[in-house]
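This report goes through one structural model, moving from a helix and its surroundings to a sheet and a core. The sequence and the structure are shown first.

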Amino acid sequence: MRLLTNLEVAMELLEVFKALSNETRLQILQWLKNPEIHFPKPLHGDIHEDGVCVSDIHKKVGLSQSTVSLYLSMLQNAGLIRAKRVGQWTYYKRDEENIKK
């Protein structure tokens, strides 16, 4: 296992801080903590195992699809959420293991 340099750690933290610096991205991350409360039950799969469909996140946020996609991408690049493709849809859930680090 390779140890990260101070610069690499700083760059990772910078990505996290950038992702959390926006109120909507922070809200998405909070909603994904308890998805069964904030999103409709999925027709297929399990909301805790698979995550929340991007279309449900988009509807709840109320911003353009491209903005929501950018926000989700930033959260994913920061290691705060994970994406899972199921057919034509992408599902997102929090990466609790990475968040604990």
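## Helix 4 and its end

In this predicted model, Gly-62 comes just after helix 4 and takes a positive phi of about 80 degrees. Within helix 4 itself, the buried residues are Val-54, Asp-56, Ile-57 and Val-61. Seen down the helix axis, these buried residues fall within an arc of 160 degrees, so they line one face of helix 4. An α-helix has 3.6 residues a turn, so residues three or four places apart point the same way.

The partners of the buried residues of helix 4 come from several elements, since these residues pack against helix 2 and helix 5 as well as against strand 1 and strand 3.

## The sheet

Three strands make up an open sheet with the order 1-3-2, and their pairing is antiparallel. Strand 1 (52-53) and strand 2 (81-86) are the edge strands, each of them pairing on one side only. Helix 5 (residues 65-77) packs on this sheet, where it touches strand 2 and strand 3, and its direction makes about 120 degrees with that of strand 2.

Strand 1 pairs with strand 3 in the antiparallel sense over two bridges, and Cys-53 stands opposite Tyr-91 of strand 3. Strand 2 is joined to strand 3 (residues 89-94) by six bridges, again with the two strands running antiparallel; among the bridge partners, Ala-83 is matched with Tyr-92 and Ile-81 with Arg-94. These two strands form a hairpin with two residues between them, and in the turn Gly-87 has a positive phi of about 65 degrees.

## The nonpolar core

The largest nonpolar core has 20 residues, and those with the most contacts inside it are Ile-28, Leu-32, Ile-57 and Leu-72. Two or more residues are given to this core by each of helix 1 (6-20), helix 2 (23-33), helix 4 (54-61) and helix 5.

Leu-32 illustrates the surroundings of one such residue: leaving aside its neighbours within four places in sequence, Leu-32 is in contact with Phe-39, Val-52, Ile-57, Ile-81, Tyr-92 and Arg-94. Ile-57 in this list is also one of the buried residues of helix 4, while Ile-81 and Arg-94 are bridge partners in the sheet.

## The loop between helix 1 and helix 2

Is the loop residue Asn-22 buried or exposed? Asn-22, which lies in the loop between helix 1 and helix 2, has a relative accessibility of 19% and therefore counts as buried, the cut-off for that class being under 20%. The side chain of Asn-22 reaches the backbone nitrogen of Thr-24 at 2.8 Å.

Terms used. Residues numbered from 1 in each chain as written. Predicted model: local features only at pLDDT ≥ 70, side-chain atom pairs only at ≥ 80, totals over all residues. Heavy atoms only, no water. Pairing = 2+ DSSP bridges. Helix = DSSP H or I, 4+ residues; strand = E, 2+ residues; numbered from the N terminus. Contact = heavy atoms within 4.5 Å. Axes fitted to C-alpha atoms, helices over the stretch in contact; angles between N-to-C directions. Core = buried A, V, L, I, M, F, W, Y, C linked by side-chain atoms within 4.5 Å. Buried < 20%, exposed > 50% of the residue type's maximum accessible area, 1.4 Å probe, protein only. Polar contact = N/O pair within 3.5 Å; in protein donor to acceptor, adjacent residues only side chain to side chain. Arc of directions from axis to C-beta.
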